[in-house]
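Welcome, and thanks for taking a look at this one. Please have the sequence and the 3D view open side by side while you read.

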Amino acid sequence: MRVQPRSNLLFHRYGDEAVILNMDTESYFTLNETAIRMWELLGENTVEQACVQMAEEYDAPLDVIQVDVQAFIQSLKDGKLVDIVADPA
């Protein structure tokens, strides 16, 4: 499973924070430093790979990271910022 950002987004990082803006709905989502890292990893990897990488980088239990990443993804979906796509077979 992969997270695919929608094409109508603007991403702006300033210091340790960032904002993602959906140009169609004019809704926005603010990210702290950890959420920025999740966003980056999800853009480059499957959800599973991103969770493993986050667990390694933050020296945290994988099951805790998986819960946090799933909550983050749900927030992005609720904000109409991403779509979930299956991995190519």
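The briefing below goes from the overall fold to the surface, and then to a few residues worth finding in the viewer.

Please keep in mind that this is a predicted model. The protein chain contains three helices and five strands, and their order along the sequence is β-β-β-β-α-α-α-β.

**Fold and dimensions**

- Four strands come before the run of three helices, and a strand follows them, as the pattern β-β-β-β-α-α-α-β shows.
- The radius of gyration of the protein chain is 13 Å, which agrees with the value near 12 Å that a compact globule of 89 residues would have.
- If you turn the C-alpha trace onto its principal axes, you will find that it spans about 35 × 35 × 20 Å.
- Among contacts with a separation of 6 or more in the protein chain, 50% are between residues 24 or more positions apart.

**Surface, burial and charge**

- Of the 89 residues in the protein chain, 34% are buried.
- The protein chain has an accessible surface of about 5500 Å², and carbon and sulfur atoms contribute 50% of that area.
- Charged side chains number 6 positive and 16 negative, with 7 Å between the centres of the two sets.

**Aromatic pairs**

- How many aromatic pairs does a search of the whole structure find? The search finds two.
- One of them joins Phe-11 and Trp-39, whose rings are stacked, with 6.2 Å from centre to centre and 0 degrees between the planes.
- Phe-11 belongs to strand β2 (residues 9-14) and Trp-39 to helix α1 (residues 33-44), so this pair ties together parts that lie 28 residues apart in sequence.
- Is Trp-39 buried or exposed? With a relative accessibility of 15%, Trp-39 falls under the 20% cut-off and therefore counts as buried.
- Its partner Phe-11 has a relative accessibility of 38%, between the 20% and 50% limits, so Phe-11 counts as partly exposed.

**A loop residue to look up: Thr-46**

- Where does Thr-46 lie? You will find Thr-46 in the loop between α1 and α2, the latter covering 47-58.
- Thr-46 has a relative accessibility of 10% and so counts as buried.
- Which residues is Thr-46 in contact with, leaving aside its neighbours within four places in sequence? They are Met-1, Arg-2 and Asp-87.

Conventions
Residues are numbered from 1 along each chain as its sequence is written. This is a predicted model: local features need pLDDT of at least 70, side-chain atom pairs count only at pLDDT 80 or more; totals for chains, interfaces and linings use all residues. Side-chain values use heavy atoms; hydrogens and water are left out. Helices (H or I, at least four residues) and strands (E, at least two) are DSSP runs, numbered from the N terminus. The radius of gyration is taken over C-alpha atoms; the globule rule is 2.2 Å times the number of residues to the power 0.38. Buried means under 20% relative accessible area, exposed over 50%, partly exposed in between (1.4 Å probe, protein chains only). Contact means heavy atoms within 4.5 Å. Accessible areas come from the Shrake-Rupley method with a 1.4 Å probe; for residues, only the protein chains shown count as cover. Lys and Arg count as positive and Asp and Glu as negative; His and the chain ends are not counted. The place of a charge is taken as NZ of Lys, CZ of Arg, CG of Asp or CD of Glu. Rings of Phe, Tyr and Trp (its six-membered ring) pair if their centres lie within 6.5 Å; planes under 30 degrees apart count as stacked, over 60 as edge-to-face and the rest as tilted.
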